[in-house]
Amino acid sequence: MTVTSPAAARPAPARAPSGGSRSAVPRALLRNKLAVLALAVLALLLAAALFAPLVAPHDPNAQNLLMRLRPPAWQDGGTRAHLLGTDQLGRDMLSRVVHGSRVSLLVGAGAALLAGVIGTAVGLVSGYFGGWADRTLMRLADVQLAFPSLLLALAVVGFLGSGLGYVILVLGFTGWVSYARVVRSEVMSLRTRDFVTEARAIGVTDITLMRRHLLPNVMAPLATIGTLHVAAAIVAEASLSYLGLGVPKETVTWGSMLSDGQLYLGTSWWAAVFPGIALMLTSLAINITGDALRDVADPKAYRR
Amino acid sequence: MSDLTPDKPPAPADTAPRRRDTTGLLRTVLKRLGTALLVLLCTATVSFFLVRLSGDPVKILLPPDATARQESVLRASLGLDRPLVTQYLDYLWGLPRLDFGNSLVHGRPVGEILAERLPATVELAAAALLLTLLVAVPAGVFAAMRRGRGSDHTVMTGVLLGQSTPPFWVGILLILVFAVWTHALPASGYGTWANLVLPAVTLAVYSVAVVARLLRSSLIDVLSSDHIRSARAKGFGPLKVVLRHGLRNASLPVVTVVGLEVGNLLGGAILTERVFSWPGVGQLTVEAVSNRDFPLVQATVLFFAATFVVVNLLVDLSYSFLDPRVRTSR
């Protein structure tokens with residue numbers, strides 16, 4: 001089956017071999033008001049995750065059975081002590097939502113980084129050397145694409161055991177294809193450029209050439225894909241936790257909170273709604289940032 | 001799972017055979033079939049060994065105080081005491097005959113269980129697909145025709161929301177609004193039209209977003225081409241130009257990407273079925289994984305991979321219907 005990668009078919013935007021002016025990207029990003037808002041949300045989220053024990057008013061796992069399923073503070077029966085209410089075991093929702101951001105961000109960043117490293121390496125080798133290496137690797141990518149990644153993650157985590165490490169590993173190993181395709185197509189067009197030919201003529205080795213001359217030139221599209229992949233990985237982790245197959249039960253995750261909260265939807269909407277909002281805001285903010293990055297890196301797409 | 005679909009859809013032209021002789025076309029089809037079979041063989045192999053890397057299903061099936069003798073009797077009766085290679089070859093040999101072995105938990109042929117659950121999943125997927133076409137195509141056309149204006153931004157904001165919202169969260173919100181608060185629709189159950197509405201909408205949200213977004217950018221590309229300009233010059237109205245001359249060309253890249261998105265849709269189906277306790281293959285898969293029901297897991301994984309492969313074969317074949325240049329090259 002021949003699959004044309006959506007991203008691979010994009011024409012490589014011409015960029016200066018040195019990487020161009022670096023300050024242009026942040027400045028263009030800041031002109032996009034929505035992106036600024038998204039970045040602010042992300043900054044807040046990052047702060048919440050880093051300083052969770054300081055920010056959270058309670059221990060996220062402290063149970064209080066006398067305070068089960070209390071509504072948020074502004075509703076009848078709510079207390080100031082639990083601003084967003086409590087869950088079925090009397091645990092503080094706000095503290096759990098804050099602590100839940102840790103797993104989400106860790107898995108998102110870890111999986112995107114791992115997939116990025118694998119995909120970039122594959123793409124560089126595939127695009128630079130071509131020939132049988134390229135054919136083998138791209139065939140491997142086709143096979144990888146045919147696996148529904150959630151299903152693969154489900155099977156791996158369900159069978160090898162739950163744990164943060166496994167989740168990051170499996171999401172990293174299932175997410176490399178889009179990186180590889182983009183890097184490959186960029187490298188294939190860069191390979192024929194003068195600066196590569198000249199570097200090879202003066203005896204630069206393949207490894208150095210890839211690292212020093214090709215890699216810097218694919219960083220812009222990599223940043224875009226990486227950003228979008230963080231959101232995808234966060235949603236995937238939440239999906240696994242929702243199915244009860246992600247990280248162990250003691251770890252606070254938005255997915256498992258949603259799964260628990262759904263059971264009490266009839267009486268206590270807050271138990272599912274707050275982790276859901278947190279998850280959606282995070283994924284939305286990252287996607288907006290990724291879209292804005294792409295618009296900056298590829299102005300042609302922006303105009304359309 | 002992935003939101004990595006870029007704005008600009010790919011051109012599927014390089015997958016289309018352009019040779020005049022039929023042997024060329026036949027060779028392409030055979031090559032594609034070969035790849036499909038390779039994918040399925042890999043899937044079967046990986047899932048076979050993956051499930052066996054994990055714990056012992058005998059330990060789960062028996063109570064913790066079972067004796068070693070009881071364990072070995074059960075292991076022998078399930079065929080798990082044979083050498084791994086024998087089990088693997090047995091399994092591969094059964095596949096062409098659609099014999100997936102017996103479920104460890106249900107004690108019945110896996111194929112039978114799968115066949116029971118299939119109609120629910122097909123019903124859900126068909127309803128979601130219909131919804132996707134009914135909503136995404138008008139939305140994409142509308143946004144493309146009003147590009148850059150307020151209504152375009154509204155559609156694109158909806159698209160961004162749809163792509164960022166995981167299906168189980170959509171499902172929970174829908175249950176909250178339509179089942180808990182307004183009592184308009186049931187939150188779970190299977191069998192009537194009312195049961196189908198919320199799960200179908202839940203599953204469709206993501207694909208509506210993907211298709212609308214791609215169709216919009218693909219149409220914008222097509223609308224700037226020469227044949228559209230001459231259609232306009234002939235005095236056709238804007239809607240007629242889009243429907244008669246634009247949509248067909250714009251649908252080609254959309255179909256390609258939709259084929260690739262099937263993997264995400266299948267993942268979405270697993271989650272949607274779980275949210276609504278829908279008695280389909282997705283639920284079956286999650287149950288099988290939690291129960292370590294080896295044969296059932298292998299069969300469901302293979303089922304999903306086969307669906308992906310078949311849909312993408314159909315996508316490849318559909319080019320010749322959508323693009324007359326491919327058809328005439330036969």
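Start with chain B. Of its contacts between residues at least 6 apart in sequence, 74% join residues at least 24 apart. This is a predicted model, so keep the confidence colouring at hand.

**Stop 1: chain B as a whole**

Select chain B and show the cartoon. You will find 13 helices and 0 strands. From the N terminus on, the elements read α-α-α-α-α-α-α-α-α-α-α-α-α. Now colour by burial. Of the 330 residues in chain B, 43% are buried.

**Stop 2: two domains in chain B**

Colour residues 42-99 of chain B as domain 1 and residues 117-329 as domain 2. Place a centroid on each, using C-alpha atoms: the two centres are 37 Å apart. Next, select the contact between these domains. Domain 1 of chain B brings 9 residues to it, and domain 2 of chain B brings 8 residues.

Stay on the domain 1 side. Which helices of chain B each supply at least two residues there? They are α1 (22-53) and α2 (57-61). Helix α1(B) gives the most, with 5 residues. Colour this side of domain 1 by residue class. It shows 5 nonpolar residues, 4 polar residues and no charged ones.

**Stop 3: the largest nonpolar core**

Show both chains again. The largest nonpolar core holds 153 residues. Label A:A153, A:L154 and B:A212, which have the most contacts inside this core. Then select helix α8 of chain B, residues 193-223. This helix gives the core its largest share, 19 residues. Where does the core lie with respect to the two domains of chain B? Domain 1 (42-99) and domain 2 (117-329) of chain B both give residues to the core, so it lies between them.

Zoom in on A:A153. Skip its neighbours within four places in sequence. The contacts that remain are A:V170, A:L171, A:T174, A:A236 and A:L240.

**Stop 4: annotated spans in chain B**

Select residues 118-315 of chain B. An unreviewed UniProt entry lists them as "domain: ABC transmembrane type-1". Over this span the chain is 85% helix and 0% strand. Draw a distance between the end C-alpha atoms of residues 118-315: they are 22 Å apart.

UniProt, again in an unreviewed entry, gives the feature "transmembrane region" for chain B at residues 29-51, 124-145, 166-184, 196-215, 250-271 and 301-322. Try two of these. Residues 29-51 of chain B are 100% helix and 0% strand, with end C-alpha atoms 33 Å apart. Residues 124-145 of chain B are also 100% helix and 0% strand. Their end C-alpha atoms lie 32 Å apart.

**Stop 5: B:G107**

Select B:G107. This residue sits in the loop between α4 (84-94) and α5 (110-145) of chain B. Is B:G107 buried or exposed? Count the C-beta neighbours inside 10 Å. There are 8, so B:G107 counts as exposed. Now add B:S251, 144 residues away along the chain. The C-alpha atoms of B:G107 and B:S251 are separated by 46 Å.

**Stop 6: chain A as a whole**

Switch to chain A. Here, too, the cartoon shows 13 helices and 0 strands. Read along the sequence, the pattern is α-α-α-α-α-α-α-α-α-α-α-α-α. Of the 304 residues of chain A, 50% count as buried. Look at contacts in chain A between residues at least 6 apart in sequence. Among these, 72% join residues at least 24 apart.

**Stop 7: A:G290**

Select helix α12 of chain A, residues 270-297, and find A:G290 in it. Is A:G290 buried or exposed? It has 24 other C-beta atoms within 10 Å, so A:G290 is buried. Leave out residues up to four places away in sequence. A:G290 then touches A:T224, A:T227, A:L228 and A:A231. Finish with a distance to A:G203, 87 residues away in sequence. C-alpha to C-alpha, A:G290 and A:G203 are 38 Å apart.

**Stop 8: confidence in chain A**

Colour chain A by pLDDT. The mean is 83, and 88% of the residues reach 70 or more. Now select residues 1-21 of chain A. Throughout this stretch pLDDT stays under 50. The model has 53 contacts beyond four places in sequence for residues 1-21 of chain A. Where pLDDT is low, predicted coordinates should not be read in detail.

Technical notes:
Residues are numbered from 1 along each chain as its sequence is written. Chains are lettered from A and ligands numbered from 1 in the order in which they are written. This is a predicted model: local features need pLDDT of at least 70, side-chain atom pairs count only at pLDDT 80 or more; totals for chains, interfaces and linings use all residues. Domain bounds come from an automatic or database domain assignment. Two residues are in contact if their C-beta atoms, placed from the backbone, lie within 7 Å. Helices (H or I, at least four residues) and strands (E, at least two) are DSSP runs, numbered from the N terminus. Ala, Val, Leu, Ile, Met, Phe, Trp, Tyr, Cys and Pro count as nonpolar, Asp, Glu, Lys and Arg as charged, and the others, Gly among them, as polar. A nonpolar core is a set of buried Ala, Val, Leu, Ile, Met, Phe, Trp, Tyr and Cys residues joined through C-beta atoms within 7 Å. A residue is buried if 20 or more other C-beta atoms lie within 10 Å of its own, exposed if 12 or fewer, and partly exposed in between; C-beta atoms are placed from the backbone. UniProt positions are given in the numbering used here, feature names are shortened, and annotations may be inferred rather than shown by experiment. pLDDT is the predictor's confidence in each residue, from 0 to 100.
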